[in-house]
Amino acid sequence: MSRNRTGDDALKEDDLSRRFGAFLESGTDLYNYEEDIARLLQAKQTRLIVNIDDLRDHDRQLADGLLKQPIEHLSAFEDALNRIINAAQGNFEKHNSDIRTYRIGLSGSFGDHHVSPRTLQAMQLNKMISLEGIITRCSLVRPKMVRSVHYCPETRGFYSRDYRDALTSLSNEPPTTSITPQTDDDGHLLQMEFGHSVFQDHQRISIQEMPERAPAGQLPRSTDIVLEGDLVDKCKPGDRIQLVGIYRSIGGGANGTFKSLILANNINLLSMKLGGGIAQTPLTDSDIRTINQLAKRPDIFNLLSSSLAPSIYGHEYIKKAILLLLLGGAEKNLANGTHIRGDINLLMVGDPSTAKSQLLRFVLNTAPLAIATTGRGSSGVGLTAAVTTDKETGERRLEAGAMVLADRGVVCIDEFDKMSDIDRVAIHEVMEQQTVTIAKAGIHTSLNARCSVVAAANPIYGQYDIHKDPHRNIALPDSLLSRFDLLFIVTDDVDATRDRQIADHVLRLHRYLPPGVEEGTPVPDTTSQPLFINGPNIPEEEGTEEISPFEKYDPLLHAAFNAPTNGRETRSRRAKRHEILSIAFIKKFIQYAKSKPAPTLTKGAADFIVQVYSNLRNEDTERNQKKTSPLTARTLETLIRLATAHAKARLSAKVEEADAIEAQNILRFALFREVPKRQRRKKRKLNDGNAVHRGDEGESDEESDGDESGRESEAQDGRMSMPPQAPGNEDSQDPIWGDDSQDVQMSDAVQQAPPPATTSSLTNGEWQIRPERLQFFRSRLAQIFTTTLQNEEQVFLEELVQMVNEGLGTEALFGTREATEGCKAMQEQDELMISEGIVYKI
């Protein structure tokens, strides 16, 4: 699009373009954008991501100009990029740069230009800003005309006209009319050539402040964002994004106020889970090696399940079921069109305060894609799909509900019993056929909803009545219960020994203090996501060091793992007492296991599953074993799904009989709230002392296996037995908590005024950081290590630079080279270690 510029403006923009071009052509050991441009053309992309910290090292004036005067500087930057690509056409003949306009996307640290929808003010107008939030609404993608081409039959000439509006980026010129010309200057009629006209994709989205960062008692605020070109459809409603863009006013408001929008420049999807990072994290070679080594252990399934939800005491069988649910079974699509679901559905019914909602919350934070709803706050169309009217065009269109948005994920429904019958019927189709069929308002369609359902409900009387049958306690129809693969009864039994153990565990959690936090001070809020966009030069490998998949043992957090599973403690169990896998590693393990081909059923496993199903249907149920859910043909598919998921946990290519045995144990526990005694005797030695200790002979073998889940019998109490800690054990922890004085001093040292940055200085041919800047960098780093990165052992250098620069003015911002020199200076004093762009704690 051509621009009318005065002579001075043209000279200024040409000078800026020349300086930006020199930056793109200057490669160092930290960045090389010529290689990035080559990769950009090979991948047929149009947006080059430039780290503003690299530009700050090269020319601080250009970096400040991009933040404070982005329209002039970004236009010159893109002109320089297009000029370099045009000059390189000899090397890339197959690419035609006339058709495609190449753009610049910014990443890096923005200092005090990093805002939120709540802190957007008039002083940020026409500035480059960066903000984070949740996408609440996305419009349809529509073409917007940028240039129209017309043909005159009389003169046989072609005419073109460019169009600008208030949303056209990189232009300070007034908008043009949107009416296409019908005649030329001489009055000859024109015909529009749609094939030669130029259109651009246009989309408008709304971004809302993250609810956990909104002040108490105030609603989250939102603002509108305009996406153009290759940025459209980069995100969907519900995604948490980090956005870089220009804050502009478009006028048109009443009473002296004007509407304002953000013109997007770059979008990075943030994680919806705890721990940061994209949910689908790239696995390194060391990760895959560690996963394969652990998968060879015979107890890998118990190790994974016992590491789930460490803050929840007991519930061993429910944790096993949740692990199988996260792994999932094998989905089948037969040639005749039959679809057999592979997702596992789980329902927990029980007394209040039995950690049902906490288990749902853990699944929500662990699964790669999970959506949470509640029974009373959800309607049938809110769970499936709704027909709405588009505000802009008035057309009717579909809006996806929670289960459609959670396709290939997990839906967590709390207070399932509070849902009305009309709304509950809407999810029947989703739970078995895994589709949503809509036939209303002239719209007939079917949407995919291939998701697992994890639900929690209370009994019909509030408390579970053990004297009544399960179906009289659960106010749900059999048609719905049969769609749940596993239904666990969670009861709150009164037992002095068990209550003492649970109270001891809860009090230990309340006594826990994160490292670097003084007792009595509020715990630092770690919900803020660091401003981090993957730049072009971030190394893919996390480093040569292998990080242990096990968590460091903490007696306050992991004391429940030391509970002896029977009355005595053997030498082998004492040796394995401290093995707790980290949640981050469990996520990687599940991601790797799901990416492998689904295991196939062997003849032995198939015969065993058939025998188990036949026994369950025909065995005598007069031994006070009342089934929690009906036994139907879906129970047979449940056994297959559980056995397949157990084989995935072993990374096995075949489902063997051992997998089917474990699936039978979990299913029997869910159906009858106990594990069959005869199956336990095949696998484990008898422990007669347990039965004498509890006086319950029929459930002695459950206790020998250390199984814990919600159930109404007293076997639960024995399974959770743990001897009380010795008094000296708690006292031994006090010296650990008394080492916080140094952290407090480091935090206080940050309050000094930041020394301003200067241009690059060379000493003996090497770039060195000034002493006062090094001291300021060290104090900022100490504060970050004790707050944001208190639980991390390593961090990318670019991410660390953005954390250090957060909240600083443009004069005090650190560049990548300056931060690298600061880390090297601290490495010489053994304060940290830096290698290949990764900073390690010491």
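This passage walks through a few local features of a predicted model, from aromatic rings to a loop arginine, an enclosed helix and the cysteines.

A good place to start is with the aromatic side chains, which form 12 pairs in the structure. One of these pairs joins Tyr317 and Phe669, whose rings are stacked, with 4.4 Å between their centres and 10 degrees between their planes. Tyr317 belongs to helix 8 (residues 316-327) and Phe669 to helix 21 (residues 657-672), so this pair ties together parts that lie 352 residues apart in sequence. Tyr317 and Phe669 are both buried. Tyr317 has a charged companion as well: Lys320 lies over the face of its ring, 5.0 Å from the ring centre. A similar arrangement involves Arg773, which is placed over the face of Phe814 at 3.9 Å from the ring centre. Elsewhere, ring pairs connect Phe20, Phe23, Tyr31, Tyr33 and Phe77 into a cluster.

Attention now turns to Arg450. This residue sits in the loop between strand 20 (443-448) and strand 21 (452-457). Leaving aside residues up to four places away in sequence, Arg450 touches Glu331, Asp343, Ala406, Asp407, Arg408, Gly409 and Gln434. With one of these, Asp407, the contact is polar: the two side chains come to 2.7 Å. Val410 offers another view of the surroundings, since the C-alpha atoms of Val410 and Arg450 are 8.9 Å apart in space although the residues are 40 apart in sequence.

Helix 30 gives a picture of an enclosed element. Nine of the nine residues in this helix (residues 797-805) are buried, so the helix is largely enclosed by the rest of the structure. The buried residues include the hydrophobic-looking names one might scan for, among them Leu797, Leu800, Val801, Met803 and Val804, but Glu798, Glu799, Gln802 and Asn805 are buried too. After the helix comes Gly807, with a positive phi near 85 degrees.

The cysteines complete the tour. How many disulfides does a search of the whole structure find? The search finds zero. Cys138 illustrates the point: the closest cysteine sulfur, in Cys235, is 4.9 Å from the sulfur of Cys138, which is too far for a bond, because a disulfide requires sulfur atoms within 2.5 Å. Cys138 counts as buried because its relative accessibility is 13%. Cys412 is likewise buried, with a relative accessible area of 3%.

Notes: Residues are numbered from 1 along each chain as its sequence is written. This is a predicted model: local features need pLDDT of at least 70, side-chain atom pairs count only at pLDDT 80 or more; totals for chains, interfaces and linings use all residues. Side-chain values use heavy atoms; hydrogens and water are left out. Buried means under 20% relative accessible area, exposed over 50%, partly exposed in between (1.4 Å probe, protein chains only). Helices (H or I, at least four residues) and strands (E, at least two) are DSSP runs, numbered from the N terminus. Rings of Phe, Tyr and Trp (its six-membered ring) pair if their centres lie within 6.5 Å; planes under 30 degrees apart count as stacked, over 60 as edge-to-face and the rest as tilted. A charge sits over a ring if NZ of Lys or CZ of Arg is within 6 Å of the ring centre and within 35 degrees of the ring normal. Contact means heavy atoms within 4.5 Å. A polar contact is a pair of N or O atoms within 3.5 Å; within protein, one must be able to donate a hydrogen and the other to accept it, and residues adjacent in sequence count only if both atoms are side-chain atoms.
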